[in-house]
Amino acid sequence: MTSLANQLDNLVWGPPLLILLVGTGLYYSIRLGFLQIKKLGFALTLILRKSDGKGDISSFAALATALAATVGTGNMVGVATAIKTGGPGALFWMWVAAFLGMATKYAEGVLAIKYRTLDNKGQVAGGPMYYITQGMGKKWRPLATCFAFFGTLVALFGIGTFAQVNAITSAVNHSFGLSPKWLSILLALLVALIIFGGIQSISKVAEKLVPFMAITYILATLMVICSHYTQLLPMLGLVFKSAFTPLAAMGGFGGALVKEAIQKGIARGVFSNEAGLGSAPIAAAAAKTKQPVEQGLVSMTGTFIDTIIICTLTGLAILVSGQWTSSLEGAPLTQAAFASIFGHLGQIAFMISLILFAFTTILGWSYYGERCFAFLAGSAHLNYFRLLFVTMVALGGYLKLDFVWILADIVNGLMAIPNLIALLALAPVVIQETQAYFHSHNSDS
């Protein structure tokens, strides 16, 4: 089954999808005048600005919920997996995916607010399925249905459950030898206590946990990098060199081709920051704001924080500590980088960070999944989805790491395709909204 899944994964994440992902980000970057550079400072100031307008949660809470879903195992385990299979050059291609992905994420945020609506329970409903049907027209509903269907699958079988639970259970098992099966059941119970409260309950947890866990993790990785500072410049050189040339085997590292570096770097970059995937606009749509452009800018900062900062620090910690050439992989590989200076305390600190990262990702994706499910089956049946989601979390400790990541990659790719088609089709709307907002903003100032 793993062999078959590998073939399907290579097909889904082949050149067409990679070109579509990178091409969409490049197209928006050029058409928006590289807004991700010029307006990043302004975007960061908007994060804590008081929100006004209709919505379920504040702009900050929407960003925290989106970051809860993105800042997870992709940052800690996904980076390790990318470097292990694609070599240090994979980190360079993660940067490329993130830089272009910031423009894509901006466009998603703009469209999320512009085309959001209310469901039959009075809650905000938004995301790709709504900007497809309302922006592109009712005749495109089958495309929206495809997105919602694959989005539900990603929540249930991809990023939302198995990958996160597997990362948590393997890290705890590696440190304390506790049974993954019992741990996954405990996680399922904790998740159930929160997600049945809906977006307000999820965002309250995310607002408290995300800033704390992100800052703590950033400081810890900086300490690892600083303690091996003599290796920083050589490793950065290796990152750029191996991004364009094959890398021979070293120690427990099996060598990597440029193709592997590109594929793994972009795939893991998308897995981590979800730019182009279509998930973040589901949370962005719930924000209390009147301005699509402002929410687009806030959404854009999520990719910057997630990949440009956190993934980079994780990758550099793995490289400068020398652990990337060991026989370890996945969570234990990143864990070993922490242990290189913190010892057993570092293993525990990493494990706690991983648990928090992965747990908040589970919460964020439960919301994404239920919004996709509601589009397909209506809001009246949301508790059935939540029950199924909790069940999948409970089963997460029973699967092997390789199969989990392959399955997550496949459904991620299938979810991205309808969203990317919509982003390209609605590009004139995004560009018009952007020009109108900054023209008005510059006139006011």
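Buried here means under 20% relative accessible area, exposed means over 50%, and partly exposed covers what falls in between. Keep that cut-off in mind for the views below, which all come from a predicted model.

**View 1. The whole chain, a fold of 21 helices and two strands.** The protein has 21 helices, along with two strands. Its radius of gyration is 20 Å, close to the 22 Å that the globule rule gives for 445 residues, so the protein is as compact as a globular protein of that length. If you want a box to go with that, the C-alpha trace spans about 55 × 45 × 40 Å along its principal axes. Buried residues account for 60% of the 445 residues.

**View 2. R386 and E370 form a buried salt bridge.** Searching the whole structure turns up two salt bridges, and one of them joins the side chains of R386 and E370, with an N to O distance of 2.9 Å. R386 sits in helix α19 (residues 382-395) and E370 in helix α18 (residues 344-377), so this pair ties together parts that are 16 residues apart in sequence. Are the two partners buried or exposed? R386 has 9% relative accessibility, which is under 20%, so R386 counts as buried. E370 has 1%, also under 20%, so E370 counts as buried too.

**View 3. E433 and K114 form a salt bridge between α21 and α7.** Side chains of opposite charge can pair when their charged atoms come close. In this view the side chains of E433 and K114 do the pairing, at 2.9 Å from N to O. The link is between distant parts of the chain: E433 belongs to helix α21 (residues 427-444), K114 belongs to helix α7 (residues 89-114), and the two are 319 residues apart. How accessible are these partners? E433 has 22% relative accessibility, so E433 lands in the partly exposed class. K114 has 36%, so K114 is partly exposed as well.

**View 4. Helices α7 and α16 pack roughly antiparallel.** Two packed helices are described by the angle between their axes and the distance between the axes. For α7 and helix α16 (residues 292-320), the axes come within 7 Å and cross at roughly 160 degrees. That angle makes α7 roughly antiparallel to α16, the cut-off for that label being over 145 degrees. The crossing of these two helices is right-handed. What kinds of residue make up the contact of α7 with α16? The residues there divide into 18 nonpolar, nine polar and two charged.

**View 5. E294 in α16 has its C-alpha 7.7 Å from that of V110.** Staying with helix α16, we zoom in on E294, one of its residues. E294 has a relative accessibility of 16%, so E294 counts as buried. Its C-alpha atom is separated by 7.7 Å from the C-alpha atom of V110, although E294 and V110 are 184 residues apart along the chain.

**View 6. G413 and I431 pair up in space with residues from far along the chain, L18 and Y28.** G413 has its place in helix α20 (residues 401-425). At 0% relative accessibility, G413 is buried. How far apart are the C-alpha atoms of G413 and L18? They are separated by 9.4 Å, with the two positions 395 residues apart in chain numbering. I431 is placed in helix α21, the helix that also holds E433. With a relative accessible area of 6%, I431 is buried. The C-alpha atoms of I431 and Y28 are separated by 8.6 Å, and along the chain these residues are 403 residues apart.

**View 7. A144 and F162 have C-alpha atoms separated by 25 Å.** A144 lies in helix α9 (residues 141-157). Its relative accessible area is 0%, so A144 is buried. Now for the sequence side of this pair: A144 and F162 are 18 residues apart along the chain, with 25 Å between their C-alpha atoms.

**View 8. F34 carries a positive phi in a loop.** Which residue is this, and where does it lie? F34 lies in the loop between α2 (15-31) and α3 (35-38). Its phi is near 50 degrees, a positive value in a residue other than glycine. At 34% relative accessibility, F34 counts as partly exposed.

Methods:
Residues are numbered from 1 along each chain as its sequence is written. This is a predicted model: local features need pLDDT of at least 70, side-chain atom pairs count only at pLDDT 80 or more; totals for chains, interfaces and linings use all residues. Side-chain values use heavy atoms; hydrogens and water are left out. A salt bridge is a side-chain nitrogen of Lys or Arg within 4 Å of a carboxyl oxygen of Asp or Glu. Helices (H or I, at least four residues) and strands (E, at least two) are DSSP runs, numbered from the N terminus. Buried means under 20% relative accessible area, exposed over 50%, partly exposed in between (1.4 Å probe, protein chains only). Axes are lines fitted to C-alpha atoms, for helices over the stretch in contact, and angles run from 0 to 180 degrees between N-to-C directions. Angles under 35 degrees count as roughly parallel, over 145 as roughly antiparallel, 65 to 115 as roughly perpendicular and the rest as oblique. A crossing is left-handed if the near helix is turned anticlockwise from the far one by less than a right angle, and right-handed if clockwise. Ala, Val, Leu, Ile, Met, Phe, Trp, Tyr, Cys and Pro count as nonpolar, Asp, Glu, Lys and Arg as charged, and the others, Gly among them, as polar. The radius of gyration is taken over C-alpha atoms; the globule rule is 2.2 Å times the number of residues to the power 0.38.
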